[in-house]
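Got the viewer open? Let's take a short walk, one selection at a time.

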Amino acid sequence: SVRRAGWVAHTTGPFHVESGPDSFNLTQTDLATTIGHTRVKARQIDGEWLLSGRIDSLTLPPTSSWAVRSGQAQFTVSGLAPHPLIDLSLQADDLLMGGQNLGTLSVGARIEDGATKASLDLGVRGTKRLQIHLTAPVHVMDTGRRADEEARLQITAHDYVTSSNPDSATADSTSLHLSGQLDVSVPVSQLDDDMDWSHWRGHSTISRFQIRRPTGGLRLLEPATAHLDSGALNIEDLSMALEVDRLDTSLIRTVGTIEVTGRLDTIVSNLRLRMKDIDLAQASRLLSLDADVAGGFNGEAVFTGTPDRPALDMEFGAQLPELGLVTMRVRGRPLGWNALAKWRTPAQDELTASLGVPPDSQGWPDWQGARLRLRSSGIELTALLNRWGKLDDLAGRVQGDLSVSDLLQPKLEGVVDVEALQLALLDMQPGYRFDVGQIRFDGGSKGDLVGFSGTSTEGSGRLELGGTLNWPTTFSPELDLHL
């Protein structure tokens, strides 16, 4: 029995071994392994090996995100160390990754002294639509020549289609349609876990990229190209459209575009992302987001740093029919990240949010140390009526100054002053009026309602309002009232 790094192999019956000074012979032996029942045999004479194995029913570990419905694999290793001849072949039907059917997989490899060749073909329902070829003029185990030779990687996709649920048209089904080519060269020594992208060079062309859902999807508008050379990735005019299907006609409506262009480099970058005329309601529906928001969104982000020393500038704006105009500017540098957001309601009231985030060891945001400050000299509450489903009427005016630390587990401090509050609960009469009150936050995520004393909208009786307002974790804040 052998156990190593989660892999297990043990014999299922007796086996026979003959060993001498210059020979070794293992007759055919049955093994139960992590990836299926395996038959192996081995022979060595005068330093030359012959090892072979076969798996007739290939399986994958249940803890893996990969799975196959059925598969076979076989291999042979022959010749002299340290550069033996290696042949490998694998066939897997219905390869699944995270529940998505990627199709039938065929893999072949031949590694010999002076050449390495490997290929992969992947397609849905037996059709070969995705092909990957790796070639190198050297044995990959030849450490003396690996640094001097280059491997060539070629990937071709022709109308390749994969789906999370190919036999269903439910709201959760998603399919990817891809056509394009990738051709890159890389030193053989880079074919390991410590890849250095500065040594890669090549180009890529994408003629079709489309993500489809029952209600619409994301589609590449025109063929896009990218070049990789000495660690620099140049992207030329990558434009995609966010689309929704119209139920009343066969037409498809564009509800926003996304553009990516520029250069990502290990020295200095200039990579630009633009989002234009995004319909937030349709985008939320396409992405199956539980967000009750409508309006238009535009934004731009420019990355001018490097992965090891980031520099990012972003500017976004959203016009929301019920809430008004929301804008945001972000500036990120290795010494710190800052953002300034403003919300201007239809009544021209304004709320300002300023955010400061310290950098981590790589210069990227460390959200645990973030601090947020919210300030407003006055906002009419009418704009928030539709955000609280428990209320039938909401009016009044609030102003405040709040500080928020640790956005992952928010802690708030400060006071929100409320004037002329009027509210009515759904399906309940009458409503209630309160001249003044406060919401006090003392270092937690909940604010206590203090000092709310008033009458009903019919003018009868005296009422005390208490409860808590939870810091909103979604678009709809949580409100707990006691009368």
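## From a hairpin into the core

Keep in mind as you click around that this is a predicted model. Start with strands 28 and 29: a hairpin joins the two through 1 residue. Strand 28 covers residues 432-444 and strand 29 covers residues 446-450; the two run antiparallel, with 3 bridges between them. Select Arg440 and look across to strand 29, where Asp448 stands opposite.

Stay on strand 28 and bring up strand 30 (residues 452-456). This pair also runs antiparallel, joined by 3 bridges. Pick Tyr432 here, and you'll find Ser456 of strand 30 opposite.

Next, add strand 27, residues 411-425. It runs antiparallel to strand 28, and 11 bridges join the two. Together they form a hairpin with 6 residues between the strands. Zoom in on Asp427 in that turn: its phi is positive, about 60°.

Now click Leu421. Its bridge partner in strand 28 is Phe434. What else does Leu421 touch? Leaving aside residues up to four places away in sequence, the contacts are Leu381, Leu394, Ala395, Gly396, Tyr432, Arg433, Phe434, Phe452 and Leu465.

Last stop: the largest nonpolar core, with 62 residues. Select Leu242, Phe297, Leu394, Leu421, Ile439, Phe452 and Leu465, which touch the most other members. Strand 27 gives the most to this core, with 6 residues. As background, nonpolar side chains tend to be buried together in soluble globular proteins.

Terms used
Residues numbered from 1 in each chain as written. Predicted model: local features only at pLDDT ≥ 70, side-chain atom pairs only at ≥ 80, totals over all residues. Heavy atoms only, no water. Core = buried A, V, L, I, M, F, W, Y, C linked by side-chain atoms within 4.5 Å. Buried < 20%, exposed > 50% of the residue type's maximum accessible area, 1.4 Å probe, protein only. Helix = DSSP H or I, 4+ residues; strand = E, 2+ residues; numbered from the N terminus. Contact = heavy atoms within 4.5 Å. Pairing = 2+ DSSP bridges.
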